[in-house]
Amino acid sequence: MEPLGFFEIWAGVIGRFWPVWLCMAVIMGGSFAFKSRLGLYGRLYDSGVGMIGLGIVLFWVLTAIFPEVIATFGPLEQFASIKRKPPGTIEIETGVAAYFGGDNLGRDLFSRMVHGSTFVLTVAPAATLVAYMVGISLGLPAGYFGRKIDAVLTFIANLVLAFPVILLFYLLVTPGVRETAIPNVMSGVFFAFPIVFFGLLFHSRYYARPRLFAIQMAFTVVIGAWLYAGLVFDADPLGIVSLDPNELNIFAAVVFASSPGVFRIVRGLTMDIKTRDYVAAAQTRGENPWYIMLWEILPNARGPLIVDACLRIGYTTILLGTLGFFGLGLAPESPDWGSMINQTRGFIRIAPTIVLPQTIALAMLVLGLNLLADGLREQSLKD
Amino acid sequence: MLAFVARRLAVMVATMLALTFVVFTLVNLEPNLRKLALEQNNVRMSQDAVNIWLQEEGYRRPLVVRYGEWLGNAVTGDLGYSTRFRKPVADILPERLGYTGILAFWVMVIMVPGALIIGVLAGMREGSKTDRSLSVLSIATTATPEYVSGIIFTVIFASWLGIFKGVAKAGDVTFVNFTLPVMTMALYGMGYIARMTRASMAEVMTSQYIRTARLKGLSFGAIVVKHALRNALIAPFTVIMLQFPWLLTGVVIVEKLFNYKGFGWVLVEAADNNDIDLLLSCSIVSVAVVIVTQLISDVGYAYLNPRIRVR
């Protein structure tokens, strides 16, 4: 059968993404109409760069939600007729076009790229979120109390930061490490931080209102314990939350690598904000230090932290790609972008386009996150 | 100043000790040792034979004792024996570091002036069209990791245009050989330095003494070159120094990508084969690079900017 031409390929690809376009139109159109009432998010629609970034990020988030609808094949289906073929080749058995060609094992690159977005867009934001909980829970006291606690925590953070990332991953994300208890211990420690964080958050403000506080704590403990059991021990009683041992290993390593950076930023912001008058006022009122840290300082540090979170999700995406590129941790057949790059790059001479979908997808997502961060920074400075 | 440097050196030594101990513990995990035993002897070795071999080679002694032994040797200059290359580590590392040094030198030569020029051009008229387009350009370069840009360059320049080679031979400094790896690495770091320079330049351009210079009737060019530039370049200095650790990670990726057999390649080989002594030496080198550049950037910053007095 005749392969598709350049315009037919792009028309087909754009058509396949219809649920994404539909949702994007609804979300962005709706937000644009009510932008004056949406605070910082709404003001993003006033900056060209921020809107482009938001559009790109939204595109990939929605793609990650609907991979089954968009992709033409399953991520692991192999077809001999599209093996290492250029974009637009028609698969003979099904008569469906492989829009971006096939990879070295005859799997459809377009479908794998679409399915790969799900892994990146779950692990990167989730790992960043946990890293933020760790960084905030340690950075606030380090910046607020200073002295010994600050010296010890800063030394530890600098230790981790002095490690070249690649070396860290080569040591921590290996089958050998997975046989030991290290990934479980590490993630056990990291996943405890969200529970501690929310516990402190509610305790410092609502402990004087026992009924409300009891409800909040019950929720924190139940949800925390449920996620904790599912993620760390892979023993979720409901069977919804589960993580493969290798994914747990990657997750723990990524959180470990990015939390010292968060710690530093939170510490710096805390040291700056604690000299403000409203903190002095709270101290004079005799508030608990944790109340001051979590309810006075943290909300006022949110601007830089949101911007940094966007950048950090982008950086985590790059890290996950690096892991895949070095073949660390992930299963070789997994459709994540880094592993795809690693497997196809040897075939550039035979089919130059074979590496392009996954590389461009990764660069596009990171670019979107960076532009979004730039737009947010620009808009938050206008206050 | 001397006390400051001395204290930093003490922290540096403590960091080194802690990190090498962590690396030592991790490479000596039981599964890693078993893997090493199988690789060094016979892959189909029985569990008992593995235990006997590990016992005989002294891997079964307490970890702290062996770490102390390794440390003693390393301090006196004996870095041990590489099980992967079957040569003393001291014979392998300097040569490979030299190759990477050449690569890093060219990256710096291209990256630093390029980034400073972009940053100054963008920052001298904040909000102008030049500023906006250069800023987006630098965001785009920071958003493209080496394994993405390197591959795209290989597809364009090696596969389609055929100008450069897709692999780089170590030690062969020619235009055809070196352009792609250098370009890939320089581009990734360039955007970040350029943005820092831009921010610093934009800040300096709004300061009082620039306004005075302008009111004196100096030309815009003279203001930028003679007055603004010197102060605007203090902040990027720190950033440039802190680029070395980034460069180290970049080197590992780029060397694997272009099959350039330098330090990064050795690190990957050592890690893949659980080559304990070599991996420890590699980590000493990389950690030393990070810490020394931090020290230089702190000291240099204080030296360049007399307003900052270090306690």
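Biologist: Which hand does the crossing of α6(A) and α10(A) have?

Modeller: In this predicted model, α6(A) and α10(A) make a left-handed crossing. The two helices pack at about 65 degrees, and their axes are 8 Å apart.

Biologist: Which residues meet there?

Modeller: From α6(A) you have V130(A), M133(A), V134(A), I136(A) and S137(A). Facing them in α10(A) are F190(A), F191(A), F193(A), P194(A), V196(A) and F197(A). Sorted by class, that contact has 10 nonpolar residues, one polar and no charged ones.

Biologist: Let's go to chain B. What makes α11(B) and α12(B) count as roughly perpendicular?

Modeller: Their axes cross at roughly 85 degrees. The roughly perpendicular band runs from 65 to 115 degrees, and that is why α11(B) and α12(B) get the label. The axes come within 7 Å of each other.

Biologist: And who does the touching?

Modeller: V251(B), V252(B), E255(B) and K256(B) are the α11(B) side, while α12(B) brings F263(B), G264(B), W265(B), L267(B) and V268(B). The class count for this contact is six nonpolar, one polar and two charged.

Biologist: Why is α12(B) called oblique to α13(B)?

Modeller: The axes of α12(B) and α13(B) cross at roughly 140 degrees. Roughly antiparallel needs an angle over 145, and roughly perpendicular stops at 115. An angle of roughly 140 fits neither, so the pair is oblique. That is the reasoning behind calling α12(B) oblique to α13(B). The crossing is left-handed, and the axes come within 8 Å.

Biologist: What kinds of residues make that contact?

Modeller: Seven nonpolar, no polar and no charged. On the α12(B) side they are V266(B), L267(B), A270(B) and A271(B), and α13(B) offers L278(B), L279(B) and C282(B).

Biologist: How do you know whether N259(B) is buried or exposed?

Modeller: Count C-beta atoms. N259(B) has 12 others within 10 Å. Exposed means 12 or fewer, so N259(B) makes the cut and is exposed. You'll find N259(B) in the loop between α11 and α12 of chain B.

Biologist: What is odd about the phi of N259(B)?

Modeller: The phi of N259(B) is positive, about 55 degrees, and the residue is not a glycine. Most residues other than glycine have a negative phi.

Biologist: Where else does a positive phi of about 55 degrees turn up?

Modeller: At R147(A), again not a glycine. R147(A) belongs to helix α7 of chain A, residues 147-162.

Biologist: How do you decide if R147(A) is buried or exposed?

Modeller: The same kind of count. R147(A) has 8 C-beta neighbours inside 10 Å. Exposed takes 12 or fewer, so R147(A) counts as exposed.

Biologist: What about L22(A), buried or exposed?

Modeller: With 12 other C-beta atoms within 10 Å, L22(A) is exposed. L22(A) sits in helix α2 of chain A, residues 18-33. From L22(A) to L40(A) is 18 residues in sequence and 24 Å in space, C-alpha to C-alpha.

Biologist: Now the inside. Which residues have the most contacts in the largest nonpolar core?

Modeller: They are F169(A), A253(A), V255(A), C310(A), L323(A), L369(A) and L279(B). The core has 179 residues, and helix α6 of chain A, residues 109-145, gives the largest share, 20 residues. Take C310(A): leaving out residues up to four places away in sequence, C310(A) touches L369(A), L372(A), A373(A) and L376(A).

Biologist: How many residues does each chain put into the contact between A and B?

Modeller: Chain B gives 37 and chain A gives 35. The largest share of the chain B side is eight residues, from α7(B). By class, the chain B side divides into 26 nonpolar, 10 polar and one charged.

Biologist: Which residues of α2(B) are buried?

Modeller: N32(B), L33(B), R34(B), L36(B) and A37(B). Buried takes 20 or more other C-beta atoms within 10 Å. The buried residues of α2(B) pack against α9 (175-179) of chain A, along with α1 and α3 (47-56) of chain B.

Biologist: And how much of chain B is buried?

Modeller: Buried residues are 38% of its 311 residues. Chain B has 13 helices and two strands.

How values were computed. Residues numbered from 1 in each chain as written. Chains lettered and ligands numbered in written order. Predicted model: local features only at pLDDT ≥ 70, side-chain atom pairs only at ≥ 80, totals over all residues. Contact = placed C-beta atoms within 7 Å. Helix = DSSP H or I, 4+ residues; strand = E, 2+ residues; numbered from the N terminus. Nonpolar A, V, L, I, M, F, W, Y, C, P; charged D, E, K, R; others polar. Axes fitted to C-alpha atoms, helices over the stretch in contact; angles between N-to-C directions. Parallel < 35°, antiparallel > 145°, perpendicular 65-115°, else oblique. Left-handed = near helix turned anticlockwise from the far one by under 90°. Core = buried A, V, L, I, M, F, W, Y, C linked by C-beta atoms within 7 Å.
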